[in-house]
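Reader: I am new to this structure and would like a close look at a single part, the surroundings of the ligand. Could you take me there carefully, starting from the chain as a whole?

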Amino acid sequence: MSIKLYGHPFAAFVWKPLIAAYERGVAFEFCMVDPDHAENAARMRELSPTGQFPALVDGDREVTQSNSVIEYLDRIGDAPPMIPTDVDVALDSRMLTYVFDAYVAEPMQNVVAEALRASNEQDLHRVVEAKAKLDKAYGWLEKRIGSGWANGRNFSIADCAAAPALFYSDWVHAIPAGPLKDYRARLLKHPSIARVVDEARPYRRFFPLGAPDRD
Ligand SMILES: N[C@@H](CCC(=O)N[C@@H](CS)C(=O)NCC(=O)O)C(=O)O
C-alpha cells in the first residue's frame with residue numbers, strides 16, 4: 001500500500017513535504033486536490049480541520065499539517081532525517097521552520113488572499129500590515145542566514161519551509177539584495193526544490209497578482 005500525499009503542486013505548504021519526500025527518496029502517490037478530482041477534495045476536507053492541504057495517508061495513519069507530514073516522512077527509509085538527530089540543531093531547525101511558516105509564508109498568503117477578492121472588497125490595510133511583517137522577518141533572517149543551509153549544518157525541515165515561503169514572498173514583496181536573497185537563490189538550485197518549482201510551473205497563471213517572468 002503506497003503513501004498518499006494530498007495537495008496541489010502550486011501550493012506553498014504542499015511544497016514542504018514534497019521537498020522532504022524528494023530529498024529523502026520516499027515514494028508516494030500524489031493525490032491532486034482540485035475541481036477535476038472531487039473525490040480527493042472530499043477526502044481532504046475529512047483529513048484537515050480547515051480542508052487545507054497538505055495531508056498524508058499511509059494505511060490507517062492520517063497526518064495533516066505540513067510539518068507533521070515531514071516528521072512522518074522521516075520514519076521512512078534511512079536517508080538523513082529532515083528533523084536533525086542532534087537536539088540543538090533540531091531545535092534551531094524547528095524554530096526557523098516556525099519563523100518561515102508564520103512570519104514569511106503567512107503574510108505572503110495574506111497578500112495573495114486579498115488579491116483574490118473582488119477589487120471593491122480588498123482590505124488594503126491587511127496588505128500593508130502583511131508587507132510590514134515581511135520586512136521585519138526579512139531583517140531578522142538576513143542577520144541569521146549564513147552561506148549554507150538554514151540551521152548552519154545540514155539540509156533540514158527549515159529549508160523545506162524556507163523554499164516556498166521565500167519563493168512566493170519575493171514575488172509579492174521583493175527580498176532586498178543580500179544574504180537572504182542569496183539563500184533563496186541557493187535553495188532554488190537545490191535538486192529537490194528545483195523539481196517542485198518545475199512541477200508548479202504549469203499553474204503560474206493562477207497566481208492572482210500575475211506571476212513575474214522569473215523564478
Ligand atoms: N498550517 C497548515 C497551512 C496549510 C495551508 O495554508 N494550505 C493552503 C495551501 S498553501 C491551502 O490549503 N489553501 C487552500 C485553501 O485554503 O482552500 C500547514 O502547515 O499545513
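Author: Helices (H or I, at least four residues) and strands (E, at least two) are DSSP runs, numbered from the N terminus. With these terms, the chain reads along its sequence as β-α-β-α-β-β-α-α-α-α-α-α, and its radius of gyration, taken over C-alpha atoms, is 17 Å, close to the 17 Å that the globule rule (2.2 Å times the number of residues to the power 0.38) gives for 215 residues, so the chain is as compact as a globular protein of that length. The model is a predicted one, in which local features need pLDDT of at least 70 and side-chain atom pairs count only at pLDDT 80 or more, while totals for chains, interfaces and linings use all residues. Residues are numbered from 1 along each chain as its sequence is written.

Now to the part itself. The residues around the ligand, each with its C-beta atom, placed from the backbone, within 6 Å of the ligand, are Ala11, Ala12, Phe13, Gln52, Phe53, Pro54, Gln65 and Ser66. If Ala, Val, Leu, Ile, Met, Phe, Trp, Tyr, Cys and Pro count as nonpolar, Asp, Glu, Lys and Arg as charged, and the others, Gly among them, as polar, this shell holds five nonpolar, three polar and no charged residues.

Two places in the shell deserve attention for their backbone. Most residues other than glycine have a negative phi, and most peptide bonds are trans. Phe53 and Pro54, however, are joined by a cis peptide bond with an omega of about 15 degrees, and Pro54 lies in the loop between helix 2 (38-47) and strand 3 (55-58). Gln65, which is not a glycine, has a positive phi of about 80 degrees, and it is found in the loop between strand 4 (61-64) and helix 3 (66-73). A residue is buried if 20 or more other C-beta atoms lie within 10 Å of its own, exposed if 12 or fewer, and partly exposed in between; Gln65 counts as partly exposed because it has 18 C-beta neighbours inside 10 Å.

From Ala12, another residue around the ligand, a link leads to Ala165, since two residues are in contact if their C-beta atoms, placed from the backbone, lie within 7 Å. Leaving aside neighbours within four places in sequence, the contacts of Ala165 are Ala12, Phe100, Asp101, Val104, Ala105 and Met108.
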